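Visitor: I am new to this structure. Please pick a single part, give me a close look at it, and tell me what surrounds it.

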Amino acid sequence: MAAGGTVDTAPEPLHRAGRGEPLLLLHGVLLTWQSWIPVLDDLEHDHTVLAPTFPGHWGGPPAAHPATVTGLVDYVEQLLDENGWPTVHIAGNSLGGWIALELAARGRARSVTAIAPAGLWRTPAAADSLLRKFRAFGPLIGLNEDRTPAVPSMLRPLLVPLLAHRPAIVPNHLAKAMAAAIPNCDITDELAEDPLLPTGFPGLAALTVPTTILLPEHDRVLPPHVYPDLTRTETIDVRPLPDLGHVPMLENPTRIVTEIRSTIARVGSTSHSA
């Protein structure tokens with residue numbers, strides 16, 4: 001499989017490659033940067049791509065405790081500082097989409113592509129529904145009292161359909177990598193107790209950089225009904241992703257690359273090539 005190790009070992013804590021304007025890729029909760037593998041080669045033709053694994057996730061650095069969304073945003077912002085990037089284009093999926101929006105609110109984004117983002121709740125009850133879903137799967141994925149990790153090969157047929165609408169088309173090495181990552185995230189319980197979770201991200205209307213919200217039609221983790229009525233503005237574009245699931249780059253990487261590039265193109269000019 002691509003760089004980052006086999007499914008028997010944790011991937012490296014981050015992936016950095018390519019040349020061009022910096023592009024930050026942020027994965028979803030429980031996963032790693034490897035969820036972006038299908039789009040890396042294409043995006044690295046004209047971007048310096050940085051794809052980190054969040055603290056407390058498989059192969060990522062240790063997390064500060066208690067782990068919170070704000071703490072993860074702080075970690076990613078520190079990575080940007082270490083790379084000498086005042087601002088970057090950002091694409092984030094699920095929890096990574098929420099963190100991308102938070103970084104934009106801090107003035108660190110040139111553009112944002114938020115794919116099935118967490119944090120844009122119609123009501124606090126939508127966040128509660130997500131938590132109940134994760135807790136229901138907890139014993140299966142090793143999130144139980146004795147923290148016994150589940151066997152990835154047993155998890156694959158249960159969990160890959162949560163990530164992809166058509167799991168049969170997900171390449172086997174990617175399905176294995178996703179299933180291996182999920183039981184090795186050790187901060188899910190703490191994130192579930194984050195007091196910010198029910199509030200989510202309230203600052204969407206205040207963002208001033210081109211932002212695209214992509215909503216997969218067949219998202220089983222964050223189905224479209226959890227979102228409020230998102231209004232298109234001069235800055236915010238909202239687009240459906242027909243026939244795709246929660247991690248759509250696993251099924252249709254070409255579509256996701258196109259959407260990211262389309263958002264970046266809305267900036268109108270490029271600068272500060274890395």
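**The sheet and its neighbours**

Guide: Let's start with the whole chain: of the contacts between residues at least 6 apart in sequence, 74% join residues at least 24 apart, a contact being heavy atoms within 4.5 Å. This is a predicted model, in which local features need pLDDT of at least 70 and side-chain atom pairs count only at pLDDT 80 or more, while totals for chains, interfaces and linings use all residues. Residues are numbered from 1 along each chain as its sequence is written, and side-chain values use heavy atoms, leaving out hydrogens and water.

The protein chain has eight helices and seven strands; these are DSSP runs numbered from the N terminus, with at least four residues of H or I for a helix and at least two of E for a strand.

Now to our part, the sheet. Seven strands form an open sheet in the order E1-E3-E2-E4-E5-E6-E7, and their pairing is mixed. At the edges are strand E1 (14–18) and strand E7 (236–241), each of which pairs on one side only. From one strand to the next, the twist averages 15°. Two strands count as paired if DSSP finds at least two bridges between them. For a close example, take strand E5 (residues 109–115) and strand E6 (residues 211–216), which pair in the parallel sense over four bridges. There, Thr 113 has Thr 212 in E6 as its bridge partner.

Next come the helices that lie across the strands. Helix H2 (residues 69–82) lies across E1, strand E2 (21–26), strand E3 (47–52) and strand E4 (88–93), at about 155° to E2. Helix H3 (residues 95–105) lies across E2, E4, E5 and E6, and runs at about 150° to E4. These angles, from 0 to 180 degrees, are taken between the N-to-C directions of lines fitted to C-alpha atoms, for helices over the stretch in contact.

The loops that follow some strands deserve a look too. Most residues other than glycine have a negative phi, and most peptide bonds are trans. In the loop between E3 and H2 you will find Pro 66, joined to His 65 by a cis peptide bond with omega of about 0°. Ser 94, in the loop between E4 and H3, has a positive phi of about 60° although it is not a glycine. With 6% relative accessibility, Ser 94 counts as buried, a word that means under 20% relative accessible area, with exposed over 50% and partly exposed in between (1.4 Å probe, protein chains only). Asp 243, between E7 and helix H8 (253–265), also has a positive phi, near 65°, but is partly exposed at 43%.
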